[in-house]
Amino acid sequence: MLKKLLILLTLLTAVLFSVLAGVFVYVYRSLPDPKLLESWQPPQASEVYDDKGRYYGSIGAYRRFYVKIDRIPPHVINAFIAVEDKNFWKHFGVDPWAVVRAFWANYKAGRIVQGGSTITQQLAKNLFLSPERTLERKIKEAILAVKIERTFPKEKILELYLNQIYLGSGAYGVEAAAQVYFGKHVWELTLEEAALLAGLPKAPARFNPFYNPEKALKRRNYVLKRMLEEGFITPQEYEEAVHKPLAVKKENKYRHSDYFLDLVKEYVFRKYGELAYKGRLKIYTTVDLELQRAAEQSLKEGLKRVARRVGVPFLPESEDDMARAYEKQKEIKKLKRGKVYVARVLSYDGERLELEVHGRRFTARVKALPLSGHRFVFIRYLGRGRVEVIPDLEGALVSVEARTGALKALVGGRSYAYSQFNRAVKAYRQPGSSIKPVIYLAALLTGKTQISVVDASPRAYYDPSKGKEWVPKNYDRRTYGKLTLRKALAKSINTAAVNLLDEVGFEIVLEVGRRLGLENLKPYYSLALGTVEVTPFRLTYAYQVFANLGKRCKPYFVKKIVAPDGRVLEENAPSCKEVLPAPETRVLVDMLRAVVLEGTAVKARSLGRVVAGKTGTTDDYKDAWFIGFSPHLVTGVWVGYDVKKSMGRGMTGSRAALPVWIAFMKRALSFYPDEDFPLPPETGVFLINEADLVLADESCPGKPMVFVKGTEPRITCSDLNALISVK
C-alpha cells in the first residue's frame with residue numbers, strides 16, 4: 001500500500017511539475033521580446049531657447065533626458081542599488097532571498113511593508129506590464145525579468161532603469177530629476193544629492209523635498225545608511241553627507257513649467273502631434289530670458305503691494321503656503337472683526353461655500369470659487385458668524401516688440417506653482433478706459449485734431465447692453481464742459497469719451513477696432529468705458545499697432561524648430577502690414593504721450609524715457625490696467641481678482657497696474673536706445689497755446705503737439721491779439 005502511495009505521489013508531482021513547466025514555457029513565449037528594448041526610444045523633453053540662444057527650459061509629454069550609463073557617476077548608481085536592489089550584480093533577474101525577506105517582513109507586520117522586486121523586475125513592470133497587484137502579473141514580471149537579464153548586460157539594464165524611473169515633480173529619469181531638484185546635470189550630483197534621488201522611487205510624492213522636506217531628509221539619510229552598510233561609502237563620507245541640508249532649488253535655470261512654456265507646448269503639440277510627443281526638438285523662441293525674469297519679479301512685487309493695500313496678509317506661492325498659514329491659526333481663540341484669515345474649504349455646491357477655521361464653521365454665498373480651486377481660501381471675518389471670501393489676487397504681463405510683433409515676455413499669474421491658469425492669454429476681462437484710444441483714433445480719422453473740442457457734459461443714452469437709459473459718470477464725480485481731445489484722453493474723462501463715440505458713430509470705431517485685432521467690439525455706448533472683454537495678450541497687441549504707427553504685426557513667439565535629425569521644421573520672421581494711416585496714428589501716440597506727461601499715468605515720467613500709454617479701471621475697481629509703450633517695446637499689465645470682484649476703492653490702473661509696468665520697463669528699456677517716435681513726412685510738431693488753441697509765438701507760451709500737416713491752427717497768438725484789438 002505504501003509503495004502504491006509513493007508511486008501515485010510521484011506521478012502527481014511529475015504531472016504538477018509538467019503543468020507548471022508548460023505554463024512557464026507558455027507564459028515565457030507569450031511575453032514581449034526584451035530585444036524590443038534595443039530600439040526603445042522613450043518620449044523625451046524638447047529644449048526651448050530664448051531669443052539669444054540661451055537655454056530657457058523644456059517641454060514635453062514626459063520630462064525626460066536620456067543619458068548613457070557612462071555619464072551617470074558610480075555614487076548615483078550605488079545609491080539606487082543600495083536601497084532598491086542590493087544584490088543587483090549577483091542575481092539572475094529575480095532575487096529569491098529578497099522575496100523571502102519581504103514575505104517574512106510583511107507577514108510579521110500584517111501588511112505590505114516591503115517589496116521583493118529587483119531593479120530588473122521594476123523595469124519589466126514599468127515598460128511591459130500593467131501596475132495591477134495580482135499574482136499573475138507578479139509571475140509575468142519575474143519571468144520577463146529573467147528574459148531581460150538573458151538579453152542585456154547589467155549595465156544596459158541599469159541605463160534603461162535610471163532613465164525610465166519616475167522621481168516626482170514630473171521628472172522621469174535621473175537627469176531630469178537632477179535638473180528639477182538641484183538645477184544641475186546628473187554627472188554633477190554630490191553624494192547626498194544622489195541619495196535623495198535614490199530615495200524617491202518608493203513614494204515620489206511622500207518624499208518630495210519641495211513639499212515634504214522633513215520626510216525627504218529622513219529618507220535621504222536612510223539611503224546613505226544603506227550605502228554605508230553595503231560598503232559603497234566610508235564612515236567619514238557618511239558622516240559628512242548625513243549632516244548636510246537638502247539644498248534643493250525650486251528656482252533654477254532648468255525650467256520645466258511656466259506660463260510661457262505652456263504657450264509653447266500648446267503650439268508645438270497642436271502643430272506637430274506625434275513628433276512633439278517623441279520630443280528632442282530644439283525650439284528657438286523670441287522671448288528674452290532676462291526680460292522674462294524681470295516681468296515675473298515686477299508682477300510678483302507689484303501684487304504684494306496691492307495685497308497690503310487691500311488687506312490680504314500674504315500671497316501664497318503654493319498650496320503648501322496656505323496649509324502652513326492655516327495651521328499657524330490653531331492658537332487663535334477668537335476671530336477679530338475685519339481681519340483676514342485662511343479657511344479650509346469643506347464643500348461647494350456652486351453657490352454655498354462651507355468653510356472651517358479650526359472647528360469654527362461658516363457658510364458663504366459665492367457665485368464662483370477662484371479659478372485655481374484650492375483647498376484653502378482667504379476670508380474676512382465680518383462678525384456675528386459672517387464671513388466674506390476674498391478671491392485670489394492675480395495679474396498678468398505681456399511685452400512685445402513694437403516693430404516686429406515678437407513676444408519678449410509673458411507672465412500669466414503671480415505663481416505658476418499656485419495656479420497654472422494663464423491669465424495673459426485666457427482671462428477675458430473688461431479693459432475699462434484703456435479701450436478709449438480706439439475711439440479717439442477714429443475721431444482723428446474723421447478729420448479732428450488733438451485740440452478739437454468735445455462737449456463733456458453728461459448726457460443720457462439708451463444702451464442695449466444695459467437695457468435702459470444710462471448716464472455715464474466720471475471717476476472724480478466732477479462735471480466737465482468743453483475739452484480738447486488731448487486733455488479729455490489724458491485725464492480719462494468718461495463723459496467726453498461717450499459723447500465723442502456718439503459724435504463719430506459706431507461704424508468707424510468698430511472698423512478701427514477690427515484693424516487693431518479687437519473684433520469683438522459691440523455698438524453699445526458703454527463700449528467707450530471698456531465694457532467689452534479682452535485678454536491682456538490681445539489688448540497689448542492692439543497697442544502694438546499704435547507704437548508701430550499703424551502697422552500691425554502678426555503675433556509670434558517661435559522663431560525656429562529643429563528636429564532631432566537636424567531638419568528645420570519651421571522658421572518664422574516678422575510679418576507686418578499697414579492697417580491704419582501713419583499720420584493720424586502718430587497724432588494719437590502724441591496724445592498718449594500726454595497721458596504720461598500730464599494725465600493719469602504721470603508716474604511713468606520717473607522712467608526718464610519717451611513712453612506713452614493709457615490707464616484703465618473698470619466699474620467698482622474690478623480690473624486695473626496699464627498698456628504703455630516706447631518706440632521699441634509695448635507692455636500691457638492687468639491686475640485684479642480671479643473672480644470679478646472689487647479690489648477696493650482707489651485700486652485704479654494708475655495705482656495697481658502702472659507701478660508693475662514701471663518696474664518692468666525700467667529694466668526692459670535699458671536694452672533699447674532712448675529715442676522719440678518717428679514723425680511721418682505728412683506730420684509736423686507745432687507749438688500750441690493751450691489757452692486759446694492757436695499757434696504759439698514770442699507773445700505767448702506753447703506746448704509742442706503733433707498734427708497732420710494742414711490741420712494745425714492757422715493763426716498765432718499775435719494774430720489773435722490783433723483781431724481782438726480791431727474789435
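## Strands and how they pair

Let's start with a term: two strands count as a pair if DSSP finds at least two bridges between them. Strands of a sheet pair through backbone hydrogen bonds, either parallel or antiparallel. With that in hand, we can explore this model, which is a predicted one.

## A mixed sheet

Follow the strand order 2-1-5-18-19 and you trace an open sheet of five strands with mixed pairing. Strand 2 (55-59) and strand 19 (568-571) are at its edges; each has a single partner strand, so one side of each is left without a neighbour in the sheet. On average, neighbouring strands here are turned by 20° against each other, direction ignored.

Now look at one edge. Strand 18 (residues 558-562) and strand 19 run antiparallel and are joined by three bridges. Here you can find K560 opposite E571 of strand 19. Helix 11 (residues 259-272) packs on this sheet, where it touches strand 1 (46-49), strand 2, strand 5 (282-285), strand 18 and strand 19. The direction of helix 11 makes about 55° with that of strand 2.

## A hairpin

Next comes a hairpin built from strand 7 and strand 8, with two residues between the strands. Strand 7 (residues 352-357) pairs with strand 8 (residues 360-365) over six bridges, in the antiparallel sense. One residue to find in strand 7 is L355, whose bridge partner in strand 8 is F362. In this hairpin, H358 takes a positive phi near 50°.

## An antiparallel sheet

Another open sheet of five strands follows the order 12-11-23-22-21, and its pairing is antiparallel. Which strands stand at the edges? They are strand 12 (407-411) and strand 21 (612-617); each has a single partner strand, so one side of each lacks a neighbour in the sheet. Neighbouring strands of this sheet are turned by 5° against each other on average, direction ignored.

Within the sheet, strand 22 (residues 623-629) and strand 23 (residues 633-641) run antiparallel, joined by seven bridges. A624 has V639 in strand 23 as its bridge partner. Helix 21 (residues 582-598) packs on the sheet and touches strand 21 and strand 22, with its direction at about 65° to that of strand 21.

## A residue in a loop

Finally, visit A456, in the loop between strand 13 (453-455) and strand 14 (461-463). Is A456 buried or exposed? Its relative accessible area is 0%, and buried means under 20%, so A456 is buried.

Leaving aside residues up to four places away in sequence, A456 touches Y480, G481, L483, I493, T495, A496 and N499. A456 and V498 are 42 residues apart in sequence, and their C-alpha atoms are 8.5 Å apart in space.

How values were computed. Residues are numbered from 1 along each chain as its sequence is written. This is a predicted model: local features need pLDDT of at least 70, side-chain atom pairs count only at pLDDT 80 or more; totals for chains, interfaces and linings use all residues. Side-chain values use heavy atoms; hydrogens and water are left out. Helices (H or I, at least four residues) and strands (E, at least two) are DSSP runs, numbered from the N terminus. Axes are lines fitted to C-alpha atoms, for helices over the stretch in contact, and angles run from 0 to 180 degrees between N-to-C directions. Contact means heavy atoms within 4.5 Å. Buried means under 20% relative accessible area, exposed over 50%, partly exposed in between (1.4 Å probe, protein chains only).
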